[in-house]
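Reader: Hey, I'm new to this one. Can you pull it up and walk me through a few spots?

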Amino acid sequence: MKHIMRQTRDGVVEHIDPSPPNPSDGALSVAIASVGWETALLWYMRTLAWVWVSKGLFNWAIVLGAFPRLGDFTTMALPLQATIVAFACFNLLAAVGLWLAAPWGGAIWLLCAMVESASPFLSPRAASISYGGAMLNVVLVVGYFFLSWRAVRARD
C-alpha cells in the first residue's frame, strides 16, 4: 500500500487517502469529485462550445436567409442586424476557445453571454434572444463559475 502525503500552505504534512470517493449515495458532487472537478469543467466547456457553435451558425443562417419565416435580414432594424452579425462572429470564436479550454475562450464566451443576456433588458430593439434565453445564459455563466471555483479548490 502506497501512502500519499501532501504539505499544505501552512507547512502541515497530511496523509491523503488515494481511494476515490464512493458515488453510491447518488450525490452529484460526489460523482463529479470521483471524476475530478477539472475534468467536469473541461466537459462543461466543451458542451458549451457545441451550443455556441450552433448559436453562431444559426446567426449566420439568419444573415444568409436560410430561415425566411424569421424575416428578411435586410429589412430588420439596423441595431438588430448589427447584433446578429456580431454574435455570428463572436459566438464561433468563443466556441473555438471553449473547446480548446483556453483562457481567452472563456473570456470571450463570458463577454458574449453577458452582453447577450443584457440586450433584452437594455435594448429590446437590438435583442437577438428573449428574456428566457437571457436567463438561461445567466444560469450557464453561474454554472461555469461554480465549476471553476470547485476546480481551483480541488487543486489546492
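Author: Sure. Leu111 is exposed, with a relative accessible area of 57% (buried means under 20% relative accessible area, exposed over 50%, partly exposed in between, with a 1.4 Å probe and protein chains only).

Reader: Before I go on, what kind of model is this?

Author: This is a predicted model, where local features need pLDDT of at least 70, side-chain atom pairs count only at pLDDT 80 or more, and totals for chains, interfaces and linings use all residues. Residues are numbered from 1 along each chain as its sequence is written, and side-chain values use heavy atoms, with hydrogens and water left out.

Reader: OK, so which helix is Leu111 in?

Author: Leu111 is in helix H4. Helices are DSSP runs of H or I with at least four residues, and strands are runs of E with at least two, numbered from the N terminus. The C-alpha atoms of Leu111 and Ala94 are 9.2 Å apart, with their positions 17 residues apart along the chain.

Reader: How does H4 pack with H5?

Author: H4 (residues 103-122) and H5 (residues 131-155) pack at an angle of about 150 degrees, and their axes are 8 Å apart. Axes are lines fitted to C-alpha atoms, for helices over the stretch in contact, and angles run from 0 to 180 degrees between N-to-C directions. H4 and H5 are therefore roughly antiparallel (under 35 degrees counts as roughly parallel, over 145 as roughly antiparallel, 65 to 115 as roughly perpendicular and the rest as oblique).

Reader: Which residues meet there?

Author: On the H4 side they include Trp109, Leu110 and Phe121, and on the H5 side Tyr131, Val138 and Phe145. Contact means heavy atoms within 4.5 Å. By class, the H4 and H5 contact has 14 nonpolar, 3 polar and 1 charged residues (Ala, Val, Leu, Ile, Met, Phe, Trp, Tyr, Cys and Pro count as nonpolar, Asp, Glu, Lys and Arg as charged, and the others, Gly among them, as polar).

Reader: Switching topic: what's the angle between H2 and H3?

Author: About 155 degrees, for H2 (residues 37-64) and H3 (residues 78-100), with their axes 8 Å apart. That makes H2 roughly antiparallel to H3. Their contact has 20 nonpolar, 3 polar and 2 charged residues.

Reader: And Ala88, is that buried or exposed?

Author: Ala88 is buried, at 0% relative accessibility. Ala88 lies in H3.

Reader: What does Ala88 touch?

Author: Beyond its neighbours within four places in sequence, Ala88 is in contact with Gly56, Asn59 and Trp60. The C-alpha atoms of Ala88 and Lys55, 33 residues apart along the chain, are separated by 7.5 Å.
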